[in-house]
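Here are my notes for a first look at this one. Open the structure next to the text and follow the points in order.

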Amino acid sequence: MKVVAHYKCLPVDNPDSLQDIELPEPTPGPRDLLVEVKAVSVNPVDTKVRQGYVPHADESQPRILGWDATGIVKSVGRDVTLFKPGDKVWYAGSLVRPGSNSEFQLVDERIVGRMPESLAFAQAAALPLTSITAWELLFDRLGVTRDKADRGETLLIVGAAGGVGSIMTQLARQLTGLTVIGTASRPETQAWVTELGAHHVIDHSKPLSEELKRIGIPQVTYVASLTQTDRHYEQIIESLMPQGKLGLIDDPESLDAVPLKRKSLSLHWELMYTRSLYETPDMQEQHNLLNEVAQLIDSGVLRTTFGEHYGKINAENLRRAHALLESGKAKGKIVLEGF
């Protein structure tokens, strides 16, 4: 089978940073699906792992990147109960298994959902990882209530125009009674966040506390910090009301929790790979939430964040996609389709 992989962690402009190779087709384990991959999208985690954020332990063996994927189930393991061959599926995979930049991929059925019927493979591939991350951060980590009751609560999403922010803005506006405030610094991204449903958009290139006061909301109940948490940390603490909650997904070099004490603020980390890394008892919740997101898309409640189509899944196109992500200029998700 065709695969895009790397042996060493190299800069993206090195032609060996991602390579086209051939590997044998894998065989499903007891709870595995063997998926014929149709489309993938590229996330910051792809570039981080390629650069060595997750060290490659054995450089004599190829490592296959890629997490977001859509495809068709080719075969199933002996204990699989949720899917059958021929099913269209979507998922975001596991950090500790070969990735989706491969013609065929093994994935545990408990972290796989049924693909939305209203989307093509490429449009659907833009969504699984960001949807899982946004859902888990909003409802599992921050504990936001899923109903439309107005409790006077507010959510500030720092980096609302990005992949996770684009989905979280929609989830918060459509499924909760929160007042949703997104941050974006450019006119086009501010317009995008407004279009996705944010009640207010503020500029994160300015002090957050001053921007919140400008719109008449001096403090917020929840903050979802999706990017540059270390840069905004002091302003986030100032902007949270006493007993508020801060959730984050990025990787600040360090984070001092002591300043949270005075307001009794709570800190919550979200990593969508935790359930698959540890095979937690509730691992199948990712299957459930992907199915629910698919229903929300098919009913028109949520929309895809598909951005650009970069052609077929090969090393050259994936290097281009990685380079654009690393430039910080990508808008919407970059998708590749077919081998």
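1. A salt bridge here is a side-chain nitrogen of Lys or Arg within 4 Å of a carboxyl oxygen of Asp or Glu. Keep in mind that you are looking at a predicted model. With that cut-off, have a look at Arg275 and Asp282: their closest N and O atoms are 2.9 Å apart, so the pair counts as a salt bridge. Arg275 is buried, because its relative accessibility of 8% falls under 20%. Asp282, at 33%, is partly exposed.

2. That pair has company. Glu136, Asp140, Arg141, Glu270, Arg275 and Asp282 are joined into one network by salt bridges that share partners. Across the whole structure, the search turns up 22 salt bridges. In general, side chains of opposite charge can pair when their charged atoms come close.

3. For a pair within one helix, try Arg214 and Glu211, whose side chains meet in a salt bridge at 3.0 Å, N to O. Why are these two about one helical turn apart? Because they sit three residues apart in helix α6 (residues 208-214). Is each of them buried or exposed? Arg214 is exposed, with a relative accessible area of 52%, whereas Glu211 is buried at 6%.

4. Now a pair that links distant parts of the chain. Asp32 and Arg97 form a salt bridge, with 2.8 Å between the closest N and O atoms. Asp32 belongs to strand β3 (residues 32-42), while Arg97 lies in the loop between β6 and β7, 65 residues away. Asp32 is buried, with a relative accessible area of 7%, and Arg97 is partly exposed at 28%.

5. Stay with that loop, between β6 (88-91) and β7 (104-108), as Val96 is found there too. Val96 counts as exposed because its relative accessible area is 57%, over the 50% cut-off. Together with Leu271, Leu277 and Tyr278, Val96 forms a nonpolar patch on the surface, and the four share about 420 Å² of accessible area.

6. Val96 and Arg97 come up again at a pocket. The second largest pocket holds about 310 Å³ of space. It is lined by 20 residues, and the closest to its centre are Ile64, Val96, Arg97, Pro98 and Gly99. Which strands each supply at least two residues of the lining? They are β4 (63-64) and β7, with β7 giving the largest share, three residues. By type, the lining of this pocket splits into 15 nonpolar, three polar and two charged residues.

7. Last, the enclosed spaces. Rolling a probe the size of a water molecule over the atoms shows where empty space is left. How many cavities of 30 Å³ or more are there? The count is two. The largest cavity has a volume of about 60 Å³, and among the residues lining it are Val144, Asp147, Arg151, Glu153 and Leu178. Its lining is made up of three nonpolar, three polar and three charged residues.

8. The second largest cavity comes to about 40 Å³. Arg97 is one of its lining residues, which also include Gly93, Ser94, Gln105 and Asp108. Here the lining divides into three nonpolar, three polar and two charged residues. If you want one residue to click on, try Arg97: it pairs with Asp32, is among the residues closest to the centre of the second largest pocket, and lines the second largest cavity.

How values were computed: Residues are numbered from 1 along each chain as its sequence is written. This is a predicted model: local features need pLDDT of at least 70, side-chain atom pairs count only at pLDDT 80 or more; totals for chains, interfaces and linings use all residues. Side-chain values use heavy atoms; hydrogens and water are left out. Patches are made of residues with over 30% relative accessible area and no salt bridge: like charges are joined within 9 Å, nonpolar side chains (Val, Leu, Ile, Met, Phe, Trp, Tyr) within 5 Å. Accessible areas come from the Shrake-Rupley method with a 1.4 Å probe; for residues, only the protein chains shown count as cover. Helices (H or I, at least four residues) and strands (E, at least two) are DSSP runs, numbered from the N terminus. Buried means under 20% relative accessible area, exposed over 50%, partly exposed in between (1.4 Å probe, protein chains only). On a 1 Å grid over the protein atoms alone, a cavity is a set of points where a 1.4 Å probe fits but cannot get out, and a pocket is an open set with protein on both sides within 12 Å along at least five of seven lines; lining residues have an atom within 4 Å of a point. Grid points are joined across faces, edges and corners, and a volume is the space filled by probe spheres set on the points. Ala, Val, Leu, Ile, Met, Phe, Trp, Tyr, Cys and Pro count as nonpolar, Asp, Glu, Lys and Arg as charged, and the others, Gly among them, as polar.
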